[in-house]
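This report looks at a protein chain together with its ligand, beginning with the chain as a whole and then turning to the place where the ligand sits.

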Amino acid sequence: MIGESQMSEQSNIESILTESRVFEPPQSFNERIGGAYIPSLEAYEELYRRSIDSPNDFWSEVADELDWFEKWNTVCSSGFPDVKWFEGGKTNLCHNCVDRQINMGHGDDIAIIWEGEPYDGAPEIKKLTYSDLHAEVCKCANALKELGVKKGDVVTIYMGMVPELAIAVLACARIGAPHSVIFGGFSSQAIADRVEDAKSTIVITCDGSWRRGSVVPLKDNVDAATQFTELIDTVLVLKRCENDINWQDGRDVWWHDICDRQDEDCQCESMDAEDMLFLLYTSGSTGKPKGIMHTTGGYMVYTYLTSKWVFNLIPGKDHVYWCTADVGWITGHSYIIYGLLPNRVPTLMYEGAPNFPDAARFWDIVERHNVTQFYTAPTAIRAFMKWGDEHPNKHDLSSLKVLGTVGEPINPEAWMWYRKVIGNSECPIVDTWWQTETGGHMLTPLPGATPTTPGSCTRPFFGIDAAVVDDDGNEVGENEGGLLVVRQSWPSTLRGVFGDRDRFIETYFSRVEDMYLAGDSARKDERGNFWIMGRIDDVINVSGHRLGTMEVESSLVSHESVVEAAVVGVPHEIKGTGIAAFCTLASGIEPSDVLKDALRKHVGEEIGAIAKPDILKFTDALPKTRSGKIMRRLLRDVAAGTDSNQDVTTLEDFTVLAKLRDEE
Ligand code: WT7
């Protein structure tokens with residue numbers, strides 16, 4: 001629960017506004033990493049200019065580092081909204097992740113290091129070489145074909161963090177079947193919604209997945225989803241936890257039964273650069289989550305280069321890269337699998353929780369595997385801080401060379417702690433701002449080049465024409481808040497919202513003409529550094545995960561006891577933002593703690609555990625304007641317990657607010 005100790009949003013914003021400490025890339029970095037790709041700010045600035053002035057030259061040189069079955073005709077042939085990159089080019093991203101490495105003589109290099117959660121004296125570890133990965137991916141691809149999957153069919157993947165998750169994703173890419181990965185924390189209703197939207201008939205899942213010593217019943221959730229949708233006719237099930245599951249003959253197929261007997265070779269489908277690679281659902285301000293579409297060529301080139309330069313990945317230098325995200329989020333797609341494998345640095349996947357069996361698990365992993373690049377979220381860093389320095393201090397973390405963060409603004413205290421306690425003040429921190437829609441890093445330091453300041457994601461990556469503007473698209477002044485936009489397309493721009501062109505145009509390309517609207521507000525300081533200030537829509541960022549307040553509200557009012565609900569974000573010590581919900585109850589329903597628990601559980605079942613309100617208040621009425629709009633800013637104050645000097649002249653019923661404040 002949110003208590004006294006919660007970080008106040010206000011004080012965080014103030015400390016960010018006054019933050020002026022500058023940290024140059026550590027002198028030792030170049031040597032420790034084995035050569036910085038971009039070794040100075042001058043080098044960055046010169047190349048950045050070139051990437052903006054001559055994007056076609058810049059991106060064709062990068063694309064030439066990868067394999068294409070047929071070369072493209074035009075690098076960028078169309079800008080917003082119907083963006084097209086590398087038109088005419090043919091390639092396959094699975095080929096570039098796996099086969100290309102084998103063809104270059106690196107079949108025996110490690111592609112994936114996997115560590116399971118259970119820890120009985122020692123953890124279960126698997127290391128897959130590129131050749132191993134090739135065999136497994138081909139078997140899975142052949143199994144999918146046997147199950148009737150064809151190029152263009154959407155395959156839903158709902159699995160835990162096991163190697164077979166990466167294998168399934170790559171198998172889909174190999175045969176040209178776009179995947180739609182659903183995070184294992186989502187509910188059966190959420191699975192059904194996504195399956196229906198994507199018109200997907202096959203789901204790949206596991207019997208269960210390990211989380212903090214317990215089994216998450218993934219297969220049961222898929223079974224339950226089939227009650228909400230009739231589309232699912234095939235369920236491919238990996239045995240992981242050996243928990244009891246129900247079985248439906250004719251629909252359910254064991255992974256080992258079908259994959260093990262397949263041929264270890266499967267030709268890669270030749271994909272047009274603009275063929276869809278995957279769909280990934282993310283929350284918006286209205287309606288159900290939207291399916292963000294990414295295509296093959298541009299996404300491949302962009303995630304390859306950002307991985308290489310932002311993390312300074314160098315093959316053959318004993319680098320081991322670890323991103324702690326789940327593959328169910330865009331971070332896992334781009335920076336565990338697709339951007340990493342073409343760079344030939346082993347990518348580490350960890351199955352479970354950061355505090356199992358104890359709070360030092362992550363640092364134990366870093367030490368045992370000699371992790372060199374480590375990428376995590378501010379919410380995790382805040383939890384580590386709270387758990388205490390003794391956990392990281394027990395371990396030798398000297399292998400670390402680059403530290404990354406992603407998902408939400410990082411408070412300067414957490415940044416400083418990360419730098420000192422985890423990085424021994426020797427590792428540059430890359431605070432990467434980007435989104436599901438952008439496919440890859442957009443604003444980020446480069447570890448050997450960019451001076452960093454705690455809380456700022458610094459400068460645009462190459463080819464990214466980012467700006468802070470007003471509604472007319474004019475740049476606002478230094479340190480003035482405005483809309484964060486991108487003025488030119490980049491290779492991994494989203495290509496659409498699946499099945500909803502209007503929502504695509506409306507959300508990203510209507511408020512400011514000819515520019516991509518990110519949905520964040522930001523400011524740019526006197527040194528050209530960007531600072532993210534927050535969302536401009538009704539989206540909240542809970543532990544680095546996006547949730548629409550409307551989604552949570554709809555779920556609350558779908559419960560028979562609730563007639564009206566308003567959901568707002570509230571500062572939270574660990575999550576960054578927590579969820580506060582205000583509900584008015586149907587007549588005859590009495591408020592109670594039992595009902596609060598029931599409503600939380602209901603939201604968990606409708607969306608997933610991450611959407612459960614941290615604070616839930618019952619109220620006779622919600623504060624509204626005379627025209628009937630819920631006054632969320634007032635609710636935010638009530639939830640945060642801050643005294644507001646807010647203008648309440650438009651509030652319809654003053655007593656509502658007083659009652660809400662009193663009710664604790
Ligand atoms: C939203 C995108 C990109 C992968 C994880 C989230 C916020 C993301 C940062 C950062 C400040 C950040 C923004 C953005 N965000 N990274 N480094 N600093 N804010 O992906 O779920 O698509 O959410 O997360 O508000 O719009 P996502």
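In the protein chain, 72% of the contacts with a separation of 6 or more are made by residues 24 or more positions apart, where contact means heavy atoms within 4.5 Å. The model is predicted, so local features need pLDDT of at least 70 and side-chain atom pairs count only at pLDDT 80 or more, while totals for chains, interfaces and linings use all residues. Residues are numbered from 1 along each chain as its sequence is written, and side-chain values use heavy atoms, with hydrogens and water left out.

Of the 664 residues of the protein chain, 62% count as buried, a term for under 20% relative accessible area, taken with a 1.4 Å probe and protein chains only. Along its principal axes, the C-alpha trace spans about 75 × 65 × 55 Å.

Around the ligand there are 18 residues, the closest being Asp431, Thr432, Thr436, Asp520 and Arg535; a residue belongs here if one of its heavy atoms lies within 4 Å of the ligand. The table lists distances from ligand atoms to protein atoms.

| Ligand atom | Protein partner | Distance |
|---|---|---|
| nitrogen | polar backbone atom of Pro409 | 3.5 Å |
| oxygen | N or O atom in the side chain of Asp520 | 2.9 Å |
| oxygen | N or O atom in the side chain of Arg546 | 2.9 Å |

The protein covers 95% of the 550 Å² of accessible area that the ligand has on its own, as computed by the Shrake-Rupley method with a 1.4 Å probe.

Definitions and conventions
A polar contact is a pair of N or O atoms within 3.5 Å; within protein, one must be able to donate a hydrogen and the other to accept it, and residues adjacent in sequence count only if both atoms are side-chain atoms. Buried means under 20% relative accessible area, exposed over 50%, partly exposed in between (1.4 Å probe, protein chains only).
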